[in-house]
Amino acid sequence: MAFKQFDRVPNHYSGEIIQRIKDFRQEEGKRSLAPTVLRIGELEVLVPRHFGFCFGVERAIHMAFSALETHPDRDIHLVNEIIHNPLVNEDLRARGIRFLYDSDGQRQIQESELSSEDVVLIPAFGTTLDIESSLQRSGVDTTSDSFRENYDTTCPFVSKVWDRGEELGREGYTIVIHGKFGHEETQATHSHTEQHTKTLVVRDAEEAAHVAAYIMGRSSVEALVAEFGDKWSQGFDATTDLQRLAVVNQTTMLAEETAQVAGILREAMRERYGDDQIDKHFADTNDTLCYATNWNQNATKALLDAEPDVAVIVGGYNSSNTAHLVEICEQVMPSFLISRAEELLSATQIRHFDIHAKQTVVCDDWLPELPTRLAVTSGASCPDVLMNCVVERIASFYGYGQTDIESGLVSLALHEPIADPV
Ligand code: SF4
């Protein structure tokens with residue numbers, strides 16, 4: 001898959017160490033998943049084959065910086081965070097871009113404060129039709145080709161899900177979106193899909209099991225309404241709208257979880273309608289995860305074969321794809337999600353975001369003694385410079401400086417895959 005270069009992505013988002021690692025792997029096909037090994041003295045830093053900025057994020061940042069360059073005299077707004085990374089959002093704010101909604105979805109700039117002279121950017125997650133209507137009331141023509149081309153940064157992989165939802169809706173399926181209800185992308189997908197068919201958002205296998213229980217006649221409509229009443233489209237009637245189902249995703253969910261959700265719902269339909277009727281009641285679709293989610297998750301799984309002692313994952317705390325990388329890593333080793341190198345408080349203390357408790361916590365004795373093998377990766381919305389600083393800071397905790405890092409960089413290697421047992 002050849003992707004366009006986005007030349008307005010600023011250089012200050014890149015980092016020398018990470019760039020050298022990327023350059024080292026550049027000639028190789030994307031399918032090789034062996035992690036890269038950076039040896040700094042007795043410290044081995046393992047970097048997965050795929051990490052960091054994806055196509056959609058680079059494209060969105062490129063469009064935001066192009067708008068700043070093209071319109072120095074106009075007010076520029078973003079509907080909300082362009083991507084889920086605090087550094088990038090702070091950077092855009094510092095350059096004068098104002099956000100219409102805060103990260104809790106509260107409106108900060110009213111319809112009447114905007115005019116047709118203003119530039120408004122739609123974030124990479126896309127936005128809801130309600131918000132588009134509001135922009136139009138403010139005089140922003142969101143339907144013009146020029147708007148779509150220059151200011152609508154919705155990732156094409158997200159709009160592809162909307163197209164798929166529309167297609168399945170036209171075939172008479174109710175759409176189950178496997179996603180996080182409050183996430184901007186899921187809100188946008190829900191909004192677009194419900195134009196064509198009834199839509200329901202299911203967060204995980206547990207929620208899918210509740211829907212399945214109703215389909216199989218093991219729970220009441222009241223129980224379903226209590227749980228999903230605010231997560232389905234207007235006018236949703238469980239007695240008639242759960243007879244033909246198709247699953248699509250928020251593009252950044254965990255691949256295995258989507259397979260589980262689809263499997264649970266398919267099995268419920270099979271039990272209710274029988275094997276010979278299953279094709280009429282459940283659309284066997286492939287998941288609609290994007291390429292970056294698949295690559296990053298697969299590369300992270302490949303990293304685990306190298307048996308690192310600890311993992312540090314860099315990214316925004318509200319970044320869905322980053323949280324899933326943490327979930328993959330924490331199955332086999334202590335794993336810490338941090339937003340920037342400053343969260344590495346010392347060689348003995350780390351402040352990290354606990355994705356389960358949904359809060360930052362400080363953990364002691366997090367760094368293993370040498371010799372050790374450490375995995376470092378980042379989510380699809382994380383600038384390389386942040387991962388770069390993390391590698392430098394960890395190396396410094398072991399007393400290694402730039403010269404030691406440089407020697408590691410000149411002898412970068414691939415981690416040898418563990419041979420299959422004969
Ligand atoms: S994670 Fe996927 S869907 Fe989201 S912006 Fe990146 S490429 Fe697009």
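This is a short tour of a predicted model, stop by stop, with a selection to make at each one.

**Stop 1: the four-stranded sheet**

Start by selecting β6, residues 174-178. β6 belongs to an open sheet of 4 strands, ordered β7-β6-β8-β9, in which the pairing is parallel. Add β7 (199-202) and β9 (282-283) to see the edges of this sheet, since each of these two strands pairs on one side only. Between β6 and β7 you can follow 4 bridges, with the two strands running parallel. For a single pair to zoom in on, pick isoleucine 175, which stands opposite threonine 199 in β7.

Now bring in α6, residues 156-170. This helix lies across β6, β8 (245-249) and β9, and its direction is at about 175° to β8. Keep α6 in your selection list; it returns at the cavity.

**Stop 2: the three-stranded sheet**

Next, select β3, residues 76-78. How many strands make up its sheet, and in what order? There are 3, arranged as an open sheet in the order β4-β3-β5 with parallel pairing. The edges are β4 (98-99) and β5 (119-121), each of which pairs on one side only. β3 and β5 run parallel and are joined by 3 bridges. Click on leucine 78 and then on leucine 121 in β5: the two are bridge partners.

**Stop 3: a hairpin and its turn**

Move on to residues 349-364 and colour the two strands separately. β12 (residues 349-354) and β13 (residues 359-364) run antiparallel, with 6 bridges between them. Here phenylalanine 353 stands opposite threonine 360 in β13. As a reminder, strands of a sheet pair through backbone hydrogen bonds, either parallel or antiparallel.

The hairpin has 4 residues between its strands. Which residue in the loop between β12 and β13 deserves a look at its backbone angles? Try lysine 358, located in that loop. Its phi is near 55°, a positive value in a residue other than glycine. Most residues other than glycine have a negative phi, and most peptide bonds are trans.

The second half of that reminder leads to the next selection: leucine 370 and proline 371. A cis peptide bond joins these two residues, with omega about -5°. Proline 371 sits in the loop between β13 and β14 (372-378).

**Stop 4: two helix pairs**

Select α8 (residues 205-215) together with α11 (residues 255-273), whose axes come within 9 Å and cross at roughly 10°. Because that angle is under 35 degrees, α8 is roughly parallel to α11. Show side chains to find the contact: on the α8 side are Ala205, Ala208, Ala209, Val211, Ala212 and Ile215. They meet a set of α11 residues including Val261, Ile264, Leu265, Ala268 and Met269. Counted by class, this contact contains 11 nonpolar, 1 polar and 2 charged residues.

Then switch to α1 (residues 16-25) and α15 (residues 384-397). Their axes come within 7 Å and cross at roughly 105°. The two helices are therefore roughly perpendicular to each other. Glu16, Ile17, Ile18 and Lys22 in α1 meet Asp384, Met387, Asn388, Val391 and Glu392 in α15. Sorted by class, the residues here are 4 nonpolar, 1 polar and 4 charged.

**Stop 5: the cavity**

For the last stop, turn on a surface and look inside. The count comes to 1 cavity of 30 Å³ or more, and the largest cavity holds about 330 Å³ of space. To centre the view, select Cys54, Val57, Thr251, Thr252 and Asn321, the closest to the cavity's centre of the 26 residues that line it.

Which helix gives the most to this lining? It is α13, with 5 residues. Select α13 (291-304) along with α2 (55-70), α6 (156-170) and α14 (320-330), each of which supplies at least two lining residues. By class, the lining has 13 nonpolar, 12 polar and 1 charged residues. With α6 still shown, you can link this stop to the sheet where the tour began, since α6 also lies across β6, β8 and β9.

Definitions and conventions: Residues are numbered from 1 along each chain as its sequence is written. This is a predicted model: local features need pLDDT of at least 70, side-chain atom pairs count only at pLDDT 80 or more; totals for chains, interfaces and linings use all residues. Side-chain values use heavy atoms; hydrogens and water are left out. Axes are lines fitted to C-alpha atoms, for helices over the stretch in contact, and angles run from 0 to 180 degrees between N-to-C directions. Angles under 35 degrees count as roughly parallel, over 145 as roughly antiparallel, 65 to 115 as roughly perpendicular and the rest as oblique. Contact means heavy atoms within 4.5 Å. Ala, Val, Leu, Ile, Met, Phe, Trp, Tyr, Cys and Pro count as nonpolar, Asp, Glu, Lys and Arg as charged, and the others, Gly among them, as polar. Two strands pair if DSSP finds at least two bridges between them. On a 1 Å grid over the protein atoms alone, a cavity is a set of points where a 1.4 Å probe fits but cannot get out, and a pocket is an open set with protein on both sides within 12 Å along at least five of seven lines; lining residues have an atom within 4 Å of a point. Grid points are joined across faces, edges and corners, and a volume is the space filled by probe spheres set on the points.
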